[in-house]
Amino acid sequence: YTRTLLAAALVARLAVCSNGAQDPAQDAQKSADTAQQAADQAQQAAAAAPNTATEQAANQAATAASAAGQAASEASQAAGAASAMAPANSGTASDTMSMAKDAAGNAADAANKAADAAKNAASNAKDAAKDAAKGH
């Protein structure tokens, strides 16, 4: 529930920003949400068939979801920094803004990779649960 509230606050904050760092930050948040959903699915699979394999996969998904959330937070901070610099037109501010946009993009990539890892872990948890149900 806390993660949902944080996500809502992040989305609201991003809506206020209107610069090039906003899109990567929003992408990062979507990835974090996807990772959290995957982690939830993995936990459900582990609960349905509690064994070492499903529990390990659920833990991996939760770790990946946490990493995605952290990356989304970093992207948001970078977007905020870029937004704060937008009014300044000096070369240094422009360079710093560009770096903030790059940081947001890098954080979005990290969130996306973490979301993929969470999805894979959730898939592994489901497979392990199916195997457990079959008696393997």
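What is the mean pLDDT of the chain, and what share of its residues reach 70 or more? The mean is 78, and 74% of the residues get to 70 or more, where pLDDT is the predictor's confidence in each residue, from 0 to 100.

A quick note before the views. This is a predicted model, so local features need pLDDT of at least 70 and side-chain atom pairs count only at pLDDT 80 or more, while totals for chains, interfaces and linings use all residues. Residues are numbered from 1 along each chain as its sequence is written, and side-chain values use heavy atoms, with hydrogens and water left out.

**View 1. The whole chain has 4 helices and 0 strands.** Going along the sequence, you read the pattern α-α-α-α. Helices (H or I, at least four residues) and strands (E, at least two) are DSSP runs, numbered from the N terminus. Of the 136 residues, 38% count as buried; buried means under 20% relative accessible area, exposed over 50%, and partly exposed in between, with a 1.4 Å probe and protein chains only. The accessible surface comes to about 7,600 Å², and 51% of that belongs to carbon and sulfur atoms. Those areas come from the Shrake-Rupley method with a 1.4 Å probe, and for residues only the protein chains shown count as cover. If you take the contacts in the chain with a separation of 6 or more, 78% of them are between residues 24 or more positions apart; contact means heavy atoms within 4.5 Å.

**View 2. Helix α1 (residues 2–16) has the lowest mean pLDDT among the elements of the chain.** Its mean is 53, whereas α2 has the highest, at 87. Over residues 14–18 the pLDDT is below 50, and beyond near neighbours in sequence this stretch has 9 contacts in the model. Where pLDDT is low, the predicted coordinates should not be read in detail.

**View 3. The largest nonpolar core holds 30 residues.** A28, A35 and A42 are the ones with the most contacts inside it. Helices α2 (22–48), α3 (52–85) and α4 (91–134) each supply at least two residues of this core. A nonpolar core here is a set of buried Ala, Val, Leu, Ile, Met, Phe, Trp, Tyr and Cys residues joined through side-chain atoms within 4.5 Å. Zoom in on A42 and you'll find that it touches A57, A58, A61, A121, A122 and A125, not counting residues up to four places away in sequence.

**View 4. A118, in helix α4, is buried, with a relative accessible area of 0%.** Leaving out residues up to four places away in sequence, A118 touches A35, A38, A61, A64 and A65. A57 is worth picking out too: A118 and A57 are 61 residues apart in sequence, and their C-alpha atoms are 8.8 Å apart in space.

**View 5. T54, in helix α3, is also a residue with 0% relative accessible area, so T54 counts as buried.** A polar atom of the T54 side chain lies 2.7 Å from the backbone oxygen of A49. Again skipping residues up to four places away in sequence, T54 touches A45, A46, A49, A125, A128 and A129.

**View 6. D116 and K119 meet through their side chains in a salt bridge.** The N to O distance is 3.9 Å, and a search of the whole structure finds 1 salt bridge. For the record, a salt bridge is a side-chain nitrogen of Lys or Arg within 4 Å of a carboxyl oxygen of Asp or Glu. Side chains of opposite charge can pair when their charged atoms come close. D116 and K119 are separated by about one helical turn because they sit 3 residues apart in helix α4. D116 is partly exposed at 35% relative accessibility, and K119 is partly exposed at 42%.

**View 7. A48, in helix α2, counts as exposed, at 65% relative accessibility.** A48 and A129 are 81 residues apart in sequence, yet 7.0 Å apart in space, C-alpha to C-alpha.

**View 8. D27, in helix α2, counts as partly exposed, at 43% relative accessibility.** Its C-alpha atom is 9.5 Å from that of A107, which is 80 residues away along the chain.

Key:
Polar contact = N/O pair within 3.5 Å; in protein donor to acceptor, adjacent residues only side chain to side chain.
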